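Biologist: I should be grateful for a close look at a single part of this model, followed outward into its surroundings. Please choose the part and describe it in a connected account.

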Amino acid sequence: MYNIIADEKDKGGMRVITLDKKDLIEAMTEFKSQGYYLSSITGVDMKDHLEVIYHLHNFDKNEYLGVKVLTYDSKVPSLVGLWKAADWDEREQYDRMGIIFEGHENLRRILLPDEWVGHPLRKDYDLKKVQYVSMDSEGNEHVSFDEREGW
């Protein structure tokens, strides 16, 4: 049985539970069996840790549920095995926040070029280091910190 660390209501009145990441798969399997569907995945940088928030919806009950998991090593289990809808959301959170979804079979950047350095929604991302994207004659993207190589 999974352990709920916190059970709260957000400002809009939605129930939000916090789980240990080791309990995530078990809890989400249970929620899926109760008729919940995964709507979206969001990452939040809290400076000393990352939070991954899963938004679930039960259409039969018209009920929303937030499930929050904290990670101090940027890793959480992938939910693609439970919901195919997790695929692109996990890839986006990996790309933008640097969250590693363990067990995801195709975890690679989805919005930024593969060579991009860093994760732009992290608080430690250096906005002063401008990266330039160019493309070679075959259409392959190239990322550089040299402004002469950018478009």
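Modeller: Two strands are taken to pair if DSSP finds at least two bridges between them. The model is a predicted one, and the part I have chosen is the hairpin formed by strand 1 and strand 2, which have five residues between them. In the turn of this hairpin, G13 has a positive phi of about 95 degrees. Strand 1 and strand 2, the latter spanning residues 15–19, run antiparallel and are joined by five bridges. Two pairs of residues help to place the register: I4 has L19 of strand 2 as its bridge partner, while E8 stands opposite V16.

Strand 2 has a further partner, strand 5, with which it pairs in the parallel sense, again over five bridges. Here R15 has L65 of strand 5 as its bridge partner. How far is strand 2 enclosed by the rest of the structure? Four of its five residues are buried, so strand 2 is largely enclosed.

The hairpin belongs to an open sheet of five strands, in the order 1-2-5-4-3 and with mixed pairing. Strand 1 (4–9) and strand 3 (36–45) stand at the edges; each has a single partner strand, so one side of each lacks a neighbour in the sheet. From one strand to the next the twist averages 20 degrees.

Helix 1, residues 24–33, packs on this sheet and touches strand 2, strand 3, strand 4 (50–58) and strand 5 (63–71). The direction of helix 1 makes about 175 degrees with that of strand 5. Helix 2, residues 86–97, also packs on the sheet, touching strand 3 and strand 4, and its direction makes about 0 degrees with that of strand 3. Strand 2 is thus among the elements touched by helix 1.

The contact surface of helix 1 can be traced through its buried residues, which are L24, A27, M28 and F31. These cover an arc of only 95 degrees around the axis, and therefore lie on the same side of helix 1. An α-helix has 3.6 residues a turn, so residues three or four places apart point the same way. The cover over the buried residues of helix 1 includes strand 2, strand 3, strand 4, strand 5 and strand 6 (75–77). Helix 1 is followed by G35, whose phi is positive, near 100 degrees.

M28 and F31 reappear in the largest nonpolar core, which has 25 residues. Together with Y54, L56, V67 and L79, they are the residues with the most contacts inside this core. Strand 2, helix 1, strand 3, strand 4, strand 5 and helix 2 each give two or more residues to the core. In soluble globular proteins, nonpolar side chains tend to be buried together.

A further detail concerns H49, in the loop between strand 3 and strand 4. Is H49 buried or exposed? The cut-off for a buried residue is under 20% relative accessible area; H49 has 12%, and is therefore buried. The side chains of H49 and D48 are joined by a polar contact of 2.8 Å. Beyond its neighbours within four places in sequence, H49 is in contact with V44, L70, T71 and Y72.

The setting of the hairpin is completed by the chain as a whole. The chain has two helices and nine strands, which run β-β-α-β-β-β-β-α-β-β-β from the N terminus on. Of its 151 residues, 39% count as buried, and its C-alpha atoms fill a box of roughly 55 × 30 × 25 Å along the principal axes. Among contacts between residues at least 6 apart in sequence, 43% join residues at least 24 apart.

Strand 9 (residues 141–144) provides a reference point for the hairpin region through E141. The C-alpha atoms of E141 and G12 are separated by 42 Å, the two residues being 129 apart along the chain. E141 counts as partly exposed, at 44% relative accessibility. Its contacts, leaving aside neighbours within four places in sequence, are with P113, E115, V133, S134 and M135.

Note on methods. Residues are numbered from 1 along each chain as its sequence is written. This is a predicted model: local features need pLDDT of at least 70, side-chain atom pairs count only at pLDDT 80 or more; totals for chains, interfaces and linings use all residues. Side-chain values use heavy atoms; hydrogens and water are left out. Axes are lines fitted to C-alpha atoms, for helices over the stretch in contact, and angles run from 0 to 180 degrees between N-to-C directions. Contact means heavy atoms within 4.5 Å. Buried means under 20% relative accessible area, exposed over 50%, partly exposed in between (1.4 Å probe, protein chains only). A polar contact is a pair of N or O atoms within 3.5 Å; within protein, one must be able to donate a hydrogen and the other to accept it, and residues adjacent in sequence count only if both atoms are side-chain atoms. The arc is that of the directions from the helix axis to the C-beta atoms. A nonpolar core is a set of buried Ala, Val, Leu, Ile, Met, Phe, Trp, Tyr and Cys residues joined through side-chain atoms within 4.5 Å.
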